[in-house]
Amino acid sequence: MPHSPLSFKLITFFHLLLTLSGASLAAVGHHRRPRFSPHNYRDALAKSILFFQGQRSGKLPPSQKMAWRKDSGLFDGSTMNVDLVGGYYDAGDNVKFGFPMAFSTTMLSWSVVEFGGVMRDELNNAKEAIRWATDYLLKATALPDTVFVQVGDANKDHACWERPEDMDTPRTVLKIDRNSPGSDVAAETAAALASASIVFRTSDPSYSKLLIKRAIRVFEFGDKYRGSYSNGLKDFVCPFYCSFSGYQDELLWGAAWLHRATKNGSYLNYIQENGQILGGGELDNTFGWDNKHVGARILLSKAFLIQNVKSLRDYKGHSDNFICSLVPGAPFSSAQYTPGGLLYKMGDSNMQYVTSTSFLLLTYAKYLTSAHTTAHCAGRTITPNALRAIAQKQIDYLLGENPLKMSYMVGYGGRYPQRIHHRGSSLPSIAEHPAKIDCSSGFSAMDSNSPNPNVLVGAVVGGPDQNDGFPDERSDYEQSEPSTYINAPLVGSLAYFAHSFGQL
């Protein structure tokens, strides 16, 4: 039944009062979706998922929509007599780095676990993106006490500017095992497999069981043979994806996901016994492909807030500390923002921290709302709606509400980056230029000021500098390169806002 103009005004005023008073609409049993939204979050959601098709390695399926991409890396793993075909290229190059690929998979899965219920038509597309990764991770973990963690030589790959379909650089295969451990990448891989098992639990139970069984085995290996993969493989994985934060955060993160996926008490015991040793209470507040501490805290806080697992009470406090670091003006606030309001952590691929932090804000707000409680910052109450408002400001900035009026998602909005740092996007497609473009010949395209000929729809680039500036230069990989781990957590946030504004 439609509201009269007067009743609509009263509802709007009531909504404003609740917001100003810090009350949650959900807490009073009424949640009205706003009629208007500044962005088409549903369109952005679809494009954020489609992006992953542009990063695919291997034999592409008939359903491939990013048509300018073709098959690549069809013999990956053959030098070690293993099948490592498939998976994703992490960013604008042609290397398959297992560490960030696993993290991207975990975050895609977490996006679906928390917000898949409102994704509607995009849910199957998100699941397809996850499965492209997990099929590969199952191959990479097929041998006991072994994880194949990289395909490609990054130094030699970066010395070329080639389409993935043309690449002729060495497809070097790297692995961790008992003699060269990598607890960080093993535990992250276990987290990816465990979180994905939740995603497929109903729609594909047999696949889900395969994923969780493998996750358990890989975590046991990573926990038993401890060490950072950067130690044994330093010459290949550094400085690209060194494990700067160590492996303790991944062990806590992996155990948290196994606990959530299995409900097995042994993982709760592991967390209770090892949580502090593994850094559960540290005050670091950066969440990304390297450091998982904050993500683990938020994830574990749910068990206390909703399942009332009292032994995990401290993770509510640890999560609040993270929230307090982000809220401008709150006690212990330490986050930096650009003049235009974007969270700013560092110059290299800053947008990854924007998307991951926004996702954590929305997820924690969901947990707090379910538990009918709030976050606390030295006596100041922070409501779930306040967290959602911070997250929305970040996502809206990304989509174009910024000083440059530029969307940082390729293909979304009227103005977006044209010269992204991405080999396949910047070089002519196979259809346009069937002949091979060799290693050095491609640099003429890299150095060109022309827009990329192939639009990598949905790609989110590293983003603006600390003063909201963005040169849109292809050579500027810090600001102009997209990556899977920028997009993965964004999927969940866009699903939430698309639903909240009645677009899904």
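Buried here means under 20% relative accessible area. By that cut-off, 17 of the 17 residues of helix α6 are buried, so the helix is largely enclosed by the rest of the structure. Keep in mind that this is a predicted model.

**Two enclosed helices**

Helix α6 covers residues 183-199, which makes 17 residues. From its first C-alpha to its last, α6 reaches 24 Å, close to the 24 Å expected at 1.5 Å a residue. Helix α10 tells a similar story: 13 of its 15 residues are buried, so α10 too is largely enclosed by the rest of the structure. It takes in residues 248-262 and reaches 21 Å between its end C-alphas, close to the 21 Å expected at 1.5 Å a residue. Right after α10 comes Lys263, with a positive phi near 60°.

**Three disulfides**

How many disulfides does the structure hold? There are three. Counting bonded cysteines along the chain, they follow the pattern 1-6, 2-3, 4-5. Here are the sulfur distances:

| Disulfide | S-S distance |
|---|---|
| Cys160-Cys439 | 2.0 Å |
| Cys238-Cys242 | 1.7 Å |
| Cys324-Cys377 | 2.0 Å |

Start with Cys160 and Cys439, whose link is left-handed, with -90° about the S-S bond. Cys160 sits in the loop between α5 (154-158) and β3, and Cys439 in the loop between α16 (423-426) and α17 (443-446), so the pair ties together parts that are 279 residues apart in sequence. Its two ends see different amounts of surface: Cys160 is buried, at a relative accessible area of 6%, whereas Cys439 is partly exposed at 23%.

Next up is the pair of Cys238 and Cys242. The torsion about its S-S bond is about 125°, so this disulfide is right-handed. Both cysteines are buried, Cys238 at 12% relative accessibility and Cys242 with a relative accessible area of 10%. Cys238 also takes part in a cis peptide bond, which joins it to Pro239 with omega at about 5°. Pro239 itself is in the loop between α9 (234-237) and α10, the enclosed helix described above.

That leaves Cys324 and Cys377. Their S-S torsion is about -100°, so the disulfide is left-handed. Cys324 is in helix α13 and Cys377 in strand β4 (residues 375-377), so the pair ties together parts that are 53 residues apart in sequence. Cys324 counts as buried at 3% relative accessibility, and Cys377 is buried as well, at 1%.

**Asp320, a buried acid on α13**

Helix α13 also carries Asp320. Is Asp320 buried or exposed? It is buried, with a relative accessible area of 5%. Which side chain does Asp320 meet in a polar contact of 2.7 Å? That partner is the side chain of Tyr364. Leaving aside neighbours within four places in sequence, Asp320 is in contact with Tyr364, Thr374, Ala375, His376 and Cys377. Cys377 is the residue of β4 that is disulfide-bonded to Cys324 of α13, so Asp320 and Cys324 are two α13 residues with links to Cys377, one by contact and one by the disulfide.

**A three-stranded sheet**

The sheet is open, with three strands in the order β1-β2-β3 and antiparallel pairing. Its edge strands are β1 (96-97) and β3 (173-177), each of which pairs on one side only. β1 and β2 (residues 146-151) pair over two bridges, while five bridges join β2 to β3. Val151 of β2 is a handy landmark: Lys96 stands opposite it, and its bridge partner in β3 is Val173. Although β3 is an edge strand, four of its five residues are buried, so β3 is largely enclosed by the rest of the structure.

**Two positive phi values in loops**

Two more residues are worth a look for their backbone angles. Asn308, which is not a glycine, has a positive phi near 60°. It lies in the loop between α12 (293-305) and α13 (314-326), and at 44% relative accessibility it counts as partly exposed. Ser349 is also not a glycine, and its phi is positive at about 55°. Ser349 is found in the loop between α13 and α14 (351-370), and at 7% relative accessibility it counts as buried.

Terms used. Residues numbered from 1 in each chain as written. Predicted model: local features only at pLDDT ≥ 70, side-chain atom pairs only at ≥ 80, totals over all residues. Heavy atoms only, no water. Expected span 1.5 Å × (residues − 1). Buried < 20%, exposed > 50% of the residue type's maximum accessible area, 1.4 Å probe, protein only. Pairing = 2+ DSSP bridges. Polar contact = N/O pair within 3.5 Å; in protein donor to acceptor, adjacent residues only side chain to side chain. Contact = heavy atoms within 4.5 Å. Disulfide = S-S within 2.5 Å.
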